[in-house]
Amino acid sequence: MSDAAIAMNRFGLGARPDDALPRQPRSWLIEQLSLYRPHPAALADAPSSRTVAAGLADYQAQRRTMQQDRRRSDIDSPAMADAAPINPQPAASEDMKAARQFARRQARDDYGVLVGARAMAALTTPAPFVERLVHFWANHFAVSADKLTVVGLAGTLEMEAIRPHVLGNFADMLGAVERHSAMLLYLDQAVSIGPDSPFGRRVAQRGKRKAGLNENLAREILELHTLGVRTGYTQTDVTEFARAMTGWTVAGLGRGGNRAGGEPGDFLFAPALHEPGARTIMGRTYPDGGEAQAQAVLTDVAASPATAAHLATKLARHFAGDTPPPAMVARLTAAYLSSGGDLPTVYRAIIASPEAWVDTPVKFKTPWEWTISSFRALGMKQVQPQAVVGLFNQLGQPVWKPGQPVGYDDIAGSWAGPDAIMRRVEAADRMAARAPETDARALGTQLFPAALSPATAQSVARAESPSQALALLLVSPEMMRR
């Protein structure tokens, strides 16, 4: 397998028919660090979190009004209430219907548009290596659009918190992600209340439910986003971090965010929700300082050797195989720590790692990777958003819908099952049938320079039609693996 083929397919997103063969593959990858644009033309019409959040805030306001109207109606009609037993089912059914209608609108107008924009950015980017890294970090900081409040916002996290920081410092990306409305809503931080905060005390005085501290975001920051599982923190540390994070909410949507100003969807610190007092987390004491208290914890965990090792392991797994090579992990860890978390320094260490340049393919492509590389192989530059959404649903990797904060798996065992392969075969047949007539033999040598196996070349050459030959190329081992 040539270095050029490795650079285009393992580091990049797959070659295009009109791509020039990189003469110096490593330099070609490094040059992309200066070619990347956070907001390319493909994303020009993508909705922002403010736009999506405004629609979500309107829906929530309408729902509250409907509920208040029903309560007033019940109070004003005591005779009707006495005449028949209370039956909440019609109201619940009405609420469910409204929620489904709203989710469908968001899925079409926001989620679907963002998925299409993401795909077009991947098809047209002059920096496919960096675009791959955007996808990597979006999965690392996973949110799931199968939650009603996150349907339209999931993609905006990638656009607004990942893309602008992918070539910056990890600590800055971490801060942007944890303040983004999609993350705050997905992991319920926007409804977390300090029990001894001013708001929490008022709730307790009314004799109603106890104000709730939510630990979801604090736990996932330590376990998934930074330090990694079983790296020295305790449940007490998680709880203390959650207390430090109280007050981090979303304008117009989160607890305490409706009357505090700001555009819907903006990050907001609400002092009335913040648990007062100093916090001790992993042996370090953080004085009470409002928003700055949790930010100080984020700064420290971003600089931790455990975070460096956790991120290095995931990056090595992504570029050098399901079992991360220890020497490469150590090299990336050292690059992270010596640079203070500078991501381009880490990326250069990935490019310089011989483990990422071995001749044999080291990764089985996820459905996203395979589809984008197939689209690029066909020279596509435009997609129909809803068709793309449907295709990824069929292939088993709905975009921004991993269903859990850990994101999608990055190992072959999760994607290489017989049923999953058959779905790709069916999709390849459809793609090939719709594509202009193509000489698949010539295309194969363009896409995989000095890397197309004799078996694949022979299979393509013996195909009964150009369409079948192209479909066979799209499901060849060279296309399935990188």
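F241 is buried, with a relative accessible area of 0%. That makes it a handy place to start on this predicted model. The residue sits in helix α12, which covers residues 235-245. Leaving out neighbours up to four places away in sequence, F241 touches A218, I221, L222, I281, A294, V297 and L298. Take I221 from that list: 20 residues separate it from F241 along the chain, and the two C-alpha atoms are 9.7 Å apart in space.

**The core and the confidence**

F241 is also one of the residues with the most contacts inside the largest nonpolar core, along with F11 and W137. That core has 135 residues. Helix α5, spanning residues 89-124, gives the most to this core, with eleven residues. As background, nonpolar side chains tend to be buried together in soluble globular proteins.

How far does the predictor trust all this? The protein averages a pLDDT of 93, and 93% of the residues score at least 70. One stretch to treat separately is residues 80-86, where pLDDT stays under 50. For those residues the model has zero contacts beyond four places in sequence.

**Two covered helices**

Now for α11, the helix that holds some of F241's partners. Seven of the ten residues of α11 are buried, so the helix is mostly covered (buried meaning under 20% relative accessible area). The buried ones are L217, A218, E220, I221, L222, L224 and H225. A218, I221 and L222 are in contact with F241 as well. What covers the buried residues of α11 includes α12, and also α6, α8 (170-179), α9 (181-186), α13 (291-302) and α14.

What about α17, how many of its residues are buried? Eleven of the eleven are, so this helix is largely enclosed by the rest of the structure. The buried residues of α17 include the aromatics W368, W370 and F375, but E369 and R376 are buried there too. After α17 comes G379, with a positive phi near 75 degrees.

**Pocket and cavity**

The largest pocket holds about 840 Å³ of space. It is lined by 40 residues, and the closest to its centre are N139, H140, Y408, D409 and D410. Five elements give two or more residues to that lining: α6 (128-140), α7 (154-162), α11 (216-225), α14 and α17 (367-377). So which helix gives the most to the pocket lining? It's α14, with seven residues. By class, the pocket lining divides into 21 nonpolar, ten polar and nine charged residues.

There is a cavity too: the structure holds one of 30 Å³ or more. The volume of the largest cavity is about 40 Å³. Its lining consists of A308, L311, A312, L315, L332, Y336, L343 and V346. The elements giving two or more residues to that lining are α14 (305-320), α15 (326-338) and α16 (343-352). Helix α14 turns up here as well, with the largest share of the cavity lining, four residues. By class, the cavity lining has eight nonpolar residues, no polar ones and no charged ones.

**Positive phi outside glycine**

Two residues that are not glycine have positive phi values, and each sits in a loop. Here they are side by side.

| Residue | Phi | Loop | Relative accessible area |
|---|---|---|---|
| R230 | near 55 degrees | between α11 and α12 | 77% |
| W400 | about 55 degrees | between α18 (385-395) and α19 (418-434) | 8% |

Are these two buried or exposed? R230 counts as exposed, because its relative accessibility of 77% is over 50%. W400 is buried, because its 8% is under 20%. R230 lies in the loop that leads from α11 to α12, and α12 is the helix where F241 has its place.

**Back to the start**

To tie the pieces together, F241 is buried at 0% relative accessible area and belongs to the 135-residue nonpolar core. Its contacts include residues A218, I221 and L222, which are among the buried residues of α11. Helix α11 also gives two or more residues to the lining of the largest pocket, and α14 is part of what covers the buried residues of α11. In turn, α14 gives the most to the pocket lining and the largest share of the cavity lining.

Terms used: Residues are numbered from 1 along each chain as its sequence is written. This is a predicted model: local features need pLDDT of at least 70, side-chain atom pairs count only at pLDDT 80 or more; totals for chains, interfaces and linings use all residues. Side-chain values use heavy atoms; hydrogens and water are left out. On a 1 Å grid over the protein atoms alone, a cavity is a set of points where a 1.4 Å probe fits but cannot get out, and a pocket is an open set with protein on both sides within 12 Å along at least five of seven lines; lining residues have an atom within 4 Å of a point. Grid points are joined across faces, edges and corners, and a volume is the space filled by probe spheres set on the points. Ala, Val, Leu, Ile, Met, Phe, Trp, Tyr, Cys and Pro count as nonpolar, Asp, Glu, Lys and Arg as charged, and the others, Gly among them, as polar. A nonpolar core is a set of buried Ala, Val, Leu, Ile, Met, Phe, Trp, Tyr and Cys residues joined through side-chain atoms within 4.5 Å. Buried means under 20% relative accessible area, exposed over 50%, partly exposed in between (1.4 Å probe, protein chains only). Contact means heavy atoms within 4.5 Å. pLDDT is the predictor's confidence in each residue, from 0 to 100.
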